[in-house]
2 protein chains.
Amino acid sequence: MAGTDRSQSSLAGGPPLILCRPQLGENVGAAARAMLNCGLTELRLVAPRDGWPNERARAAAAGADAVLEGARLFATLGDAVADLTHLFAATARPRDHAAPVIIPRAAGLELRALVARGARPGLLVGPEREGLTNEELGLADTVVTARLNPAFSSLNLAQAVLLLGYEWLEAGEQPPAPADEAAPKAELVAFLARLEAELDACARDAGAVQHSEVDPTLRGLFQRARPTSRELRTLHGVVSNLLRRRS
Amino acid sequence: MAGTDRSQSSLAGGPPLILCRPQLGENVGAAARAMLNCGLTELRLVAPRDGWPNERARAAAAGADAVLEGARLFATLGDAVADLTHLFAATARPRDHAAPVIIPRAAGLELRALVARGARPGLLVGPEREGLTNEELGLADTVVTARLNPAFSSLNLAQAVLLLGYEWLEAGEQPPAPADEAAPKAELVAFLARLEAELDACARDAGAVQHSEVDPTLRGLFQRARPTSRELRTLHGVVSNLLRRRS
């Protein structure tokens with residue numbers, strides 16, 4: 001399974017991937033292959049157990065040699081992430097830590113947003129079996145945990161790398177957002193409040209005594225659509241125009 | 001990386017996965033592990049090259065033994081898919097075939113829809129390197145192709161299985177749809193036409209000579225929100241109420 005319609009722009013600017021204390025060379029190689037599948041090319045290795053360079057890694061990389069050859073070796077995780085502004089750590093079942101926990105899909109979107117702002121985020125994957133220590137996890141700003149079969153949730157190292165890389169790539173292919181960002185919530189609240197006030201006045205004119213609320217269904221609709229500031233201005237204009245209509 | 005918040009309902013009813021002429025036992029085992037990570041348990045094997053059962057498969061399954069033990073062996077792909085109503089085939093670069101080509105995310109949603117309707121879909125993954133033959137691909141109703149790095153798009157067998165299983169699972173965790181389905185397009189078109197007519201009348205009342213169109217931005221907003229029939233009725237009510245307001 002592979003693809004051809006991936007746009008070049010979504011391949012550029014991928015974050016570095018840090019493998020912390022990986023054990024098997026095969027897994028490092030398979031991770032490099034998964035990285036390159038997703039257009040990630042910057043590999044950083046923290047104290048790989050079986051030494052570096054590693055022949056088994058090369059065999060498992062299945063052609064992703066350039067990623068392995070460009071890999072940089074670090075003694076500690078702290079050294080490996082020194083230049084990064086934001087660290088996303090993939091973990092097994094979330095432990096008791098302060099960082100927010102998100103799914104890979106959300107991580108892909110956040111990574112895109114950070115890179116677009118000129119930030120320098122990185123992806124961290126811990127060693128097979130034991131995972132990251134609490135101290136290592138303490139360097140993470142965000143924890144990434146996939147929603148999997150809770151009875152069998154342990155992913156192979158390269159599989160975890162693939163999910164992170166895949167969601168990074170997919171996040172670069174989102175349907176274009178509306179011309180500008182969703183308006184601040186305050187603007188939406190203000191529009192709904194105005195609509196409610198106008199409908200209330202209409203109901204009073206018609207002789208109703210009861211307060212007329214904007215149907216909660218309608219609030220749901222507008223929440224879902226996440227209107228932009230421009231769209232809210234247009235909606236205000238529509239309400240004004242309808243109100244001006246001579247009876 | 002693993003998860004705990006996967007709901008039981010999204011794990012049930014997973015489609016069978018058919019591995020057609022797989023070569024390495026390791027890959028069959030790794031595929032079984034990826035399947036179970038995603039709650040898929042029904043494995044069908046068509047003519048595995050290295051024989052069956054296979055010790056290397058068991059070692060690579062990392063505990064997904066139940067999937068391997070339950071695997072069913074078939075001589076031909078036709079036999080393996082005889083009871084299925086819809087076949088999704090993962091392929092490398094799409095070739096010249098009649099079946100529609102979709103990405104894994106869309107496949108996950110289509111699989112959910114088919115299972116919900118009581119259909120019996122299956123997932124097909126071909127052998128390492130050579131892939132499915134044209135004859136085998138001819139049995140597929142839909143081709144699934146991930147958007148990857150076009151310069152290095154060949155996924156390991158188990159990685160392809162993971163992406164399919166992962167998107168099946170994610171599709172079971174979509175945010176709940178509005179109480180009912182999106183209204184037929186005709187209802188949305190009718191609402192926008194009415195809004196345009198009313199705004200036009202307002203503009204004429206105000207002395208304008210120009211035809212007043214509903215702002216295209218606003219059309220985009222409503223298209224995006226995909227209103228339900230109930231929401232459209234509420235919107236009609238809002239317009240009627242605003243028009244009734246005494247000046």
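The exercises below, each with a worked solution, concern a predicted model in which chain A and chain B are in contact.

**Exercise 1.** Describe the contact between chain B and chain A by its residues, its buried area and the elements that take part.

*Solution.* Begin with the residues: chain B contributes 78 residues to the contact, and chain A contributes 78 residues. Next take the area, which comes to about 7,500 Å² buried between the two chains, with carbon and sulfur atoms giving 58% of it. Then turn to specific pairs, where 24 residue pairs are in polar contact between chain B and chain A, both residues being at pLDDT 80 or more. On the side of chain B that touches chain A, the elements giving two or more residues include α8 (157-171), α9 (185-205), α10 (216-225) and α11 (229-244) of chain B; of the elements there, α8(B) gives the most, with 10 residues. Finally, sorting the residues of this side by character yields 42 nonpolar, 18 polar and 18 charged.

**Exercise 2.** Explain why the salt bridge between R224(A) and E231(B) joins two chains, and state whether each partner is buried or partly exposed.

*Solution.* The side chains of R224(A) and E231(B) meet at 3.1 Å, N to O. Because R224(A) lies in helix α10 of chain A while E231(B) lies in helix α11 of chain B, the pair joins two chains. As for accessibility, R224(A) is partly exposed at 34%, whereas E231(B), at 3%, is buried. A further salt bridge is found between R224(B) and E231(A), at 3.0 Å from N to O, and the count between chain B and chain A is 6 salt bridges.

**Exercise 3.** Locate the partners of the salt bridge between D83(A) and R44(A), and place the pair in its network.

*Solution.* The closest N and O atoms of D83(A) and R44(A) are 2.8 Å apart. D83(A) sits in the loop between α5 (77-80) and β4 (86-90) of chain A, and R44(A) in strand β2 (residues 43-46), so that the pair, 39 residues apart, links distant parts of the chain. With 43% relative accessibility D83(A) is partly exposed, while R44(A), at 1%, is buried. By comparison, the salt bridge of D50(B) and R49(B), at 3.0 Å from N to O, pairs a partly exposed D50(B) at 38% with an exposed R49(B) at 52%. Returning to chain A, salt bridges with shared partners join E42(A), R44(A), D83(A) and R120(A) into one network.

How values were computed: Residues are numbered from 1 along each chain as its sequence is written. Chains are lettered from A and ligands numbered from 1 in the order in which they are written. This is a predicted model: local features need pLDDT of at least 70, side-chain atom pairs count only at pLDDT 80 or more; totals for chains, interfaces and linings use all residues. Side-chain values use heavy atoms; hydrogens and water are left out. Contact means heavy atoms within 4.5 Å. Buried area is the accessible area (1.4 Å probe) that two parts lose on being put together, summed over both. A salt bridge is a side-chain nitrogen of Lys or Arg within 4 Å of a carboxyl oxygen of Asp or Glu. A polar contact is a pair of N or O atoms within 3.5 Å; within protein, one must be able to donate a hydrogen and the other to accept it, and residues adjacent in sequence count only if both atoms are side-chain atoms. Helices (H or I, at least four residues) and strands (E, at least two) are DSSP runs, numbered from the N terminus. Ala, Val, Leu, Ile, Met, Phe, Trp, Tyr, Cys and Pro count as nonpolar, Asp, Glu, Lys and Arg as charged, and the others, Gly among them, as polar. Buried means under 20% relative accessible area, exposed over 50%, partly exposed in between (1.4 Å probe, protein chains only).
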